[in-house]
Each structure stands twice: as C-alpha cells, then as structure tokens.
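Please look through the sequence and the three-dimensional model together, moving back and forth between them as you read. The report below goes from the overall fold to the interior and then to single residues.

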Amino acid sequence: MKPTITWVVLADAGTVKTFRNEGPADGLHKLPNYSFSQDIPLSGELSDTERGREQAPVTQVHHAFAPTTNPRDKEKTEFLHDVAKTLNAAAKAKEFDRLIIFAAPQALGTLRQKLEDVARNLVTDEVAKDLTHTPENELPKHLEDYLLVHNSPRDGMDPAVADRVLRTG
C-alpha cells in the first residue's frame with residue numbers, strides 16, 4: 001500500500017518551512033526546495049519617505065496624500081502569493097496527498113484566497129498559529145493533534161486507523 005504523503009507548511013508573511021511525512025513514526029523531513037524566507041524591508045526603505053503634495057486651486061491649501069497601499073504589506077502579500085503558487089504547482093504534480101497549514105492568521109487568510117482548488121482540496125487542517133520560529137525538534141508536540149510524527153502506542157497500526165484514533169482521542 002502506498003504511504004500517504006503529508007506536507008506540513010509553516011508560514012508567516014516572510015518565511016515558509018515545508019516538511020514531509022509519510023506515515024506514523026516517519027518523523028518530519030524538511031524540504032529545502034520548499035522552505036525559504038524573504039527579508040522584507042521596513043516601509044521607509046521601500047518607498048519615498050516624502051509624500052506627494054496637492055494644492056487646492058482656490059484656497060492655496062496644500063494637502064499631503066498617502067500612498068494607497070503600504071509597500072511593506074504589498075511585499076508580504078506578494079511573498080504569500082508565491083508560496084501559494086508553489087503549493088499549487090506541487091499539488092498539480094501530485095507531490096503530496098494531504099496538506100496541513102500552520103500560519104499566522106493574516107498569512108493564512110492570504111493563502112486561503114490564493115490556493116487553487118487542486119491544492120485546497122488536499123488541505124486537511126488549517127491552524128491560525130505561527131510556528132515558523134519554533135525549533136524543529138519541538139514541532140512534533142505542536143503537530144500531535146494533526147499528524148503522527150514520532151513513536152507512540154499507535155505505531156504499527158494501519159495508518160488510516162491510526163489517523164482516526166488520533167482524531168477521536
């Protein structure tokens with residue numbers, strides 16, 4: 001029987017870490033090609049710090065106007081769009097059977113919007129929690145409600161049974 005391949009994605013607005021698991025007691029294996037980060041500069045470093053000016057024709061009053069979007073927010077959104085594109089492509093290539101996403105709340109919202117049906121249909125769990133800075137050796141305890149990643153009394157069970165046992169307690 002072919003093992004169920006689960007990808008666990010940890011994301012925030014500037015970092016994504018992706019791990020692979022192939023069943024009970026397999027552990028988590030980081031996928032370097034799907035784990036990356038982007039340094040997002042401070043807003044002042046992304047655009048002119050001086051706002052544009054507008055002069056009212058009759059009153060001679062000058063009004064400053066703010067840019068319509070924060071450049072830093074735009075960078076974060078573009079990063080998450082790239083993450084979603086990568087997950088969409090991996091889903092189309094059938095690189096995983098299940099997808100579990102742990103992401104900062106705002107990042108999770110953006111990913112939900114940008115995942116295509118091919119990837120969205122493989123999402124079994126979404127958790128609005130940022131684990132990107134959690135040490136890798138501590139991840140199994142955060143994932144135990146979603147995935148068997150270390151030796152437990154359920155080892156040796158059929159993976160489908162173990163998954164049901166895990167979900168029902």
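Helices and strands are here runs assigned by DSSP, with at least four residues for a helix and at least two for a strand, and they are numbered from the N terminus. With that in mind, the order of elements along the sequence of this protein, which is a predicted model, reads β-β-β-β-α-β-β-α-β-α-α-β-α-α. In total, the secondary structure comes to six helices and eight strands.

The protein has 169 residues, of which 35% count as buried. If we consider the contacts between residues at least 6 apart in sequence, 60% of them join residues that are at least 24 apart. The accessible surface comes to about 10100 Å², and carbon and sulfur atoms account for 49% of that surface.

**The nonpolar cores**

The largest nonpolar core contains 25 residues, and those with the most contacts inside it are Trp7, Leu99, Ile101 and Leu111. Four elements each supply at least two residues of this core, namely strand E1 (6-11), helix H2 (71-92), strand E7 (98-103) and helix H3 (105-114). Helix H2 provides the largest share, which is seven residues. Leu99 shows how such a core residue is surrounded: leaving out residues up to four places away in sequence, Leu99 touches Trp7, Val9, Leu87, Ala119, Leu122, Val123, Thr124 and Asp125.

A second core, separate from the largest one, has 10 residues, and among them are Val8, Leu10, Leu131 and Leu139. Leu139 lies in helix H5 (residues 139-143). Its contacts, not counting residues up to four places away in sequence, are Leu10, Phe19, Leu28, Leu131 and Thr134.

**A cavity inside the protein**

How many cavities of 30 Å³ or more does a search of the whole structure find? The search finds one, and the space in this largest cavity is about 40 Å³. The residues that line the cavity are Val9, Val16, Thr18, Tyr34, Phe36, Val83, Thr86 and Leu87. By class, six of the lining residues are nonpolar and two are polar, while none is charged. Strand E2 (15-21) and helix H2 each supply at least two residues of the lining, and H2 gives the most, with three residues.

**Residues that are distant in sequence**

The table lists four pairs of residues with their separation along the chain and the distance between their C-alpha atoms.

| Pair | Separation in sequence | C-alpha distance |
|---|---|---|
| Ala103 and Val127 | 24 residues | 6.5 Å |
| Leu139 and Leu28 | 111 residues | 8.6 Å |
| Glu95 and Arg20 | 75 residues | 9.8 Å |
| Glu116 and Asn88 | 28 residues | 6.2 Å |

Ala103 is found in strand E7. Is Ala103 buried or exposed? Ala103 counts as buried, because its relative accessibility is 0%, and a residue is called buried when this value is under 20%. Apart from neighbours within four places in sequence, Ala103 is in contact with Ala11, Leu108, Leu111, Val127, Ala128, Lys129 and Asp130. Leu139 also counts as buried, because its relative accessibility is 1%.

**Residues in loops**

The loop between H2 and E7 holds Lys94 as well as Glu95. Lys94 has a positive phi of about 55 degrees, although it is not a glycine. Because its relative accessibility is 70%, Lys94 counts as exposed, a word used for values over 50%. Glu95, by contrast, counts as partly exposed, because its relative accessibility is 27%. Outside the residues up to four places away in sequence, Glu95 touches Ile5, Trp7, Arg20, Tyr34 and Ala90. Two of these partners have been named before, since Trp7 belongs to the residues with the most contacts inside the largest core and Tyr34 is part of the lining of the largest cavity.

Another loop, the one between H3 and helix H4 (117-120), is the place of Glu116. Glu116 is partly exposed, with a relative accessible area of 36%. When neighbours within four places in sequence are set aside, the contacts of Glu116 are with Asn88 and Lys92.

Technical notes
Residues are numbered from 1 along each chain as its sequence is written. This is a predicted model: local features need pLDDT of at least 70, side-chain atom pairs count only at pLDDT 80 or more; totals for chains, interfaces and linings use all residues. Side-chain values use heavy atoms; hydrogens and water are left out. A nonpolar core is a set of buried Ala, Val, Leu, Ile, Met, Phe, Trp, Tyr and Cys residues joined through side-chain atoms within 4.5 Å. Buried means under 20% relative accessible area, exposed over 50%, partly exposed in between (1.4 Å probe, protein chains only). Contact means heavy atoms within 4.5 Å. On a 1 Å grid over the protein atoms alone, a cavity is a set of points where a 1.4 Å probe fits but cannot get out, and a pocket is an open set with protein on both sides within 12 Å along at least five of seven lines; lining residues have an atom within 4 Å of a point. Grid points are joined across faces, edges and corners, and a volume is the space filled by probe spheres set on the points. Ala, Val, Leu, Ile, Met, Phe, Trp, Tyr, Cys and Pro count as nonpolar, Asp, Glu, Lys and Arg as charged, and the others, Gly among them, as polar. Accessible areas come from the Shrake-Rupley method with a 1.4 Å probe; for residues, only the protein chains shown count as cover.
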